[in-house]
Amino acid sequence: MWTQKPLMAIFLATFMFVLCQTHAQNSPRDYVALHNRARAQVRVGPVTWNKTIAAYAQAYANKRRNDCAMVYSGGPYGENIAAGYYPEITGAFAMKLWLEEKPLYNYTSNLCIKGECNHYTQVVWRNSVHIGCARVPCKSNSQFVICNYHPPGNIFGQRPYDSPL
């Protein structure tokens, strides 16, 4: 019997660590920190959390609960979305996906090269200074993550930041 208590303690400690890590990767503070880290790399000012934008993101994420479809809301904000299973799509993992587009953006031509880069450029868009994000589990055991930006970025003919590094 004495071996069960240490095993149970290890299980509970592991469960709490995973639970805390998952929650921490989806908090407003974490979304803001991840955005600001990417923005600092291209010398763009920080974003701040906006409760109105977050409520919009949450309302739209709730609409995607049934299907987790990668469909943009068409609303008044700039928007990045991600959905998936592996292993659990967190806000931090969604940011990782969006930031992986960085090498596909060419500052000189102001175009995406060989792929999508508009998620990345929205993250670092200098005029987008307010964000709100949400994450919901879907019926298919996947997750849907959305971040909205105000003012919206990715305006045709404009660059996301002033000069390349």
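Which handedness does the link of Cys133 and Cys147 have, with 110° about the S-S bond? Keep that question in mind while the tour moves from a helix to the core and then to the cysteines; the model on screen is a predicted one.

**Start with helix α2**

Select residues 28-41, which make up α2, and look along this helix of 14 residues, whose first and last C-alpha atoms are 20 Å apart, close to the 20 Å expected at 1.5 Å a residue. Now colour Tyr31, Val32, His35, Asn36, Ala38 and Arg39, which are buried in α2. These residues lie on the same side of α2, because they cover an arc of only 160° around the axis. An α-helix has 3.6 residues a turn, so residues three or four places apart point the same way. Turn to the other side of α2, and Arg29, Arg37 and Ala40 are found there, exposed.

To see what the buried residues of α2 pack against, add β1 (48-49), α4, α5, β5 and β6 to the display. Before leaving the helix, step just past its end to Arg43, where the backbone takes a positive phi of about 55°.

**Move into the core**

Next, show the side chains of Trp98, Val123, Val124, Ile131 and Tyr161, which touch the most other members of the largest nonpolar core, a set of 23 residues. The elements that give two or more residues to this core are α2, α4 (91-99), α5 (118-123), β5 (130-137) and β6 (143-150). Centre the view on Val124 and, setting aside residues up to four places away in sequence, look for its contacts with Ala38, Arg39, Val42, Val44, Pro160 and Tyr161. Two of these names, Ala38 and Arg39, were already met among the buried residues of α2.

A second core, separate from this one, has 10 residues, and selecting Ala57, Tyr60, Ala61 and Cys68 will show some of them.

**Follow the cysteines**

Cys68 leads on to the disulfides, of which there are 3. Select Cys68 together with Cys138, and a disulfide appears between them, with an S to S distance of 2.0 Å. The link is right-handed, at 70° about the S-S bond. Cys68 sits in the loop between α3 (51-63) and β2 (78-84), whereas Cys138 sits in the loop between β5 and β6, so the pair ties together parts that are 70 residues apart in sequence. Both Cys68 and Cys138 are buried.

Go next to Cys112 and Cys117, which are joined by a disulfide with an S to S distance of 2.0 Å, and whose link is left-handed at -80° about the S-S bond. With a surface display on, compare the two ends: Cys112 is partly exposed, at a relative accessible area of 29%, while Cys117 is buried, at 1%.

Finally, select Cys133 and Cys147, joined by a disulfide with an S to S distance of 2.1 Å. Here the opening question is settled, for the link of Cys133 and Cys147, with 110° about the S-S bond, is right-handed. Cys133 belongs to strand β5 and Cys147 to strand β6, so this pair ties together parts that are 14 residues apart in sequence. Cys133 counts as buried at 6% relative accessibility, and Cys147 counts as buried at 0%.

With the bonded cysteines of the protein chain displayed and numbered in sequence order, the pairing can be read off as 1-5, 2-3, 4-6.

Key: Residues are numbered from 1 along each chain as its sequence is written. This is a predicted model: local features need pLDDT of at least 70, side-chain atom pairs count only at pLDDT 80 or more; totals for chains, interfaces and linings use all residues. Side-chain values use heavy atoms; hydrogens and water are left out. A nonpolar core is a set of buried Ala, Val, Leu, Ile, Met, Phe, Trp, Tyr and Cys residues joined through side-chain atoms within 4.5 Å. Buried means under 20% relative accessible area, exposed over 50%, partly exposed in between (1.4 Å probe, protein chains only). Helices (H or I, at least four residues) and strands (E, at least two) are DSSP runs, numbered from the N terminus. Contact means heavy atoms within 4.5 Å. The expected span of a helix is 1.5 Å times one less than its number of residues. The arc is that of the directions from the helix axis to the C-beta atoms. A disulfide is a pair of cysteine sulfur atoms within 2.5 Å.
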